[in-house]
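Here's a quick briefing to read alongside the model. Have the viewer open and follow along topic by topic.

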Amino acid sequence: MPTMELQEVELNNAEKGQMGSKSGGVFLTWNDLWVTVSTKKSGSKSILKGLTGYARPSELLAVMGPSGCGKSTLLDALAGRLDFSTRQSGDILINGHKQKLSYGTSAYVTQDETLLATLTVKEAVYYSAQLQLPDSMTKSEKKQIAEQTIKEMGLHDAMNTRIGGFGNKGISGGEKRRLSVCMEILTRPKLLFLDEPTSGLDSAASYYVMSGISRQREGRTIIASIHQPSAEVFNLFHSLCLLSSGRTVYFGPASAAIEFFTRNGFPCPHLQNPSDHFLKTINKDFDEDIEQGLAGGKPTEEVIDLLINSYKQSERYHEVQNQVAEICHQGGEMLEKRSHANFTTQSLVLTRRSSINMFRDPGYYWMRFATYIAIALSLGSIYYNVGSNYRSIEERGLMVAFVVSFMTFMTVGGFPSFVEDMKVFQRENLNGHYGCFSFVIGNTLSSMPYVLLISWVPGVIAYFLAGFQNGFGHFIYFALVLFTSMMVVESLMMNVAAIVPNFLMGIVTGAGIQGLQILSGGYFQLPSELPKAIWKYPLYYMSFHKYAYQGMFKNEFEGLKFTDDMFGNNHIMSGEEVLRDRWQAEMGHSKWVDLVILLGILILYRLVFFLIIKTKEKFVHARKASTSILSNRSTQIMAKSLPPSPLHGLTPSHDILTNNR
């Protein structure tokens, strides 16, 4: 097994020099960073207020503070992940340059674990490696890097354990966090962001997660927001950025933070966790005074102001300003986007991964399959051998309507699984693992065999028990319409999942849309009786049920003869008469045209799904691009204010204040 250094050399060689110097790291600086959000009451609210700081290679920077202080907002701003509802000002520079974080240059691990619960740890990392690493690497090389990364994060013993989720026991919460990190560092990014990596974990699990992350710091710049670390975890930090209400209380070496608080009259009690002491001192969430004995029991707001002012007047503050200016002056390499697997490889890997997930998740298709079998047996029993008398006309119509309307309607049962798929896609797409079209192709191809199974097997049972038209061609058409209709509804629910990612609201929305299409489809109210406004034009022609009803009616009634024995006259009616007079079918085209239109609706729905997720992706990339447009003027001023001998003296405070104006 090659060492990590050897693997990184292999990865860099595969990139054909795109990453520049292997030894170069990422110096990230931010100067006078403000982030505001619009509000209804006051017009706007500042979340971050003039923050200045830096992160250096091979170091772990911890961003701490009470809830709502701006930790996650700072990470999102630095990573270019703020949404368009926020406004950002200030300078964020990478190695002294204005540049956006492209694929492979950085990784972001979110607080929530969005993982496919049915996969094992090894499968999850291996598929991620197949998607992210370039095609110039062989499968065995990708697998080798995946296994080595698993070992580095301490997940070797859990390699063959399924991730698990709701109702399914799997790996622990700490292992899920390490797995999330593992999947993001496969490309050996130089910059790693972690949002609350220890949230919801006990102290032991938190330590194992953070120690595993700390071991990955060599040559990598790591910034982690963390709420309340244990003393052992706190000792892993190199630098500390302590925030309160969007303002910097302290920035500097983590080991010097205790001295800073002590010097200002807030010593950390003996044997107390330093992070607990810091947060208790600056937490004003409960609007209570701090304990007696700390500066005479001053109100928390006054204590925070005292600490902030003390920090701004301290030597540490000027050192931070000087360090930021020095980094900007010295500059460094420009980070360039890495290549990953091509479209074909991504589509095949996503198809295979999605197929495994669908096969192992009973809620995706298997529960519906069992339900469809029961419904098909029930339909076949109720409408057993309908015959060809006058009454069979209504029975055939009722059965066709039930199959097209309600058997397809039950596809909403897979909506929770669609939502989970969308969460995984959004995380991986945001991190640049693969594109939107690859996901659409993979999802479509993987679902087709299962939809074919749950449509054809129940279709065989219901069709032949009811005694529908003899002939293999008639059954094939029946099964094709049922299959296509189910795929259309699946596509509809995927569109809903992309817009309304909430279980309850999504199911209600999808069911409502289908209900309108069923009502306007031409069965429950004949086409000539539908109100012209809205129901006939345009809903009747937009509903896929219209074409499914008419195609199945033509398939079932054309060529048959029915005996009208209701009044003893034994009048013979042809199937074509029934289609024209009873069902008001459009006889100007064949049933195959209806099937082609259904296929067209299916393609249209999938294209709409692609456009929805592609539009969201464009918005995200547009936001990243907008946050990379930084001020040249402030950079030049900072360079001018740099003293001749960096770090041998302090930058005058009035020069630094000029930088921020």
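The largest nonpolar core of this predicted model takes in 179 residues, and Leu28, Trp30, Leu74, Phe193 and Phe237 are the ones touching the most other members. Helix α17 (residues 472–499) puts in the largest share of that core, with 18 residues. For the wider setting, the protein runs to 661 residues, 55% of them buried, and has 24 helices and 13 strands.

**Core and contacts**
- Trp30 is a good place to start: skipping neighbours within four places in sequence, its contacts include Leu51, Thr52, Gly53, Tyr54 and Ala55.
- Also on the Trp30 list are Leu61, Leu74, Leu78, Asp91, Ile92 and Phe251.
- Leu74, one of those Trp30 partners, is itself among the core residues that touch the most other members.
- Across the protein, take the contacts between residues at least 6 apart in sequence: 76% of them join residues at least 24 apart.

**Helix α10**
- Helix α10 covers residues 300–312, 13 residues in total, and spans 18 Å from first C-alpha to last, close to the 18 Å expected at 1.5 Å a residue.
- Its buried residues are Thr300, Val303, Ile304, Leu307, Ile308, Ser310 and Tyr311.
- Looking down the axis of α10, the buried residues fall within an arc of 165°, so they line one face of the helix.
- What covers the buried residues of α10? The cover includes strands β8 (239–244) and β9 (247–253), along with helices α8 (257–263), α9 (274–282) and α11 (315–330).

**Cysteines**
- The disulfide count comes to zero.
- Why is there no bond from Cys69? Its closest cysteine sulfur, in Cys241, is 8.6 Å away, which is too far for a bond.
- The same pairing holds from the other end, since the closest cysteine sulfur to that of Cys241 is in Cys69, at 8.6 Å.
- Cys69 counts as buried because its relative accessibility is 1%, and Cys241 counts as buried at 2%.

**Annotated transmembrane regions**
- The unreviewed UniProt entry places "transmembrane region" features at residues 365–386, 398–419, 448–468, 475–500 and 592–613.
- In the model, residues 398–419 are 77% helix and 0% strand, with end C-alpha atoms 33 Å apart.
- Residues 448–468 come out at 90% helix and 0% strand, and their end C-alpha atoms lie 26 Å apart.

Conventions:
Residues numbered from 1 in each chain as written. Predicted model: local features only at pLDDT ≥ 70, side-chain atom pairs only at ≥ 80, totals over all residues. Heavy atoms only, no water. Core = buried A, V, L, I, M, F, W, Y, C linked by side-chain atoms within 4.5 Å. Buried < 20%, exposed > 50% of the residue type's maximum accessible area, 1.4 Å probe, protein only. Helix = DSSP H or I, 4+ residues; strand = E, 2+ residues; numbered from the N terminus. Contact = heavy atoms within 4.5 Å. UniProt positions renumbered as here; feature names shortened; annotations may be inferred. Disulfide = S-S within 2.5 Å. Expected span 1.5 Å × (residues − 1). Arc of directions from axis to C-beta.
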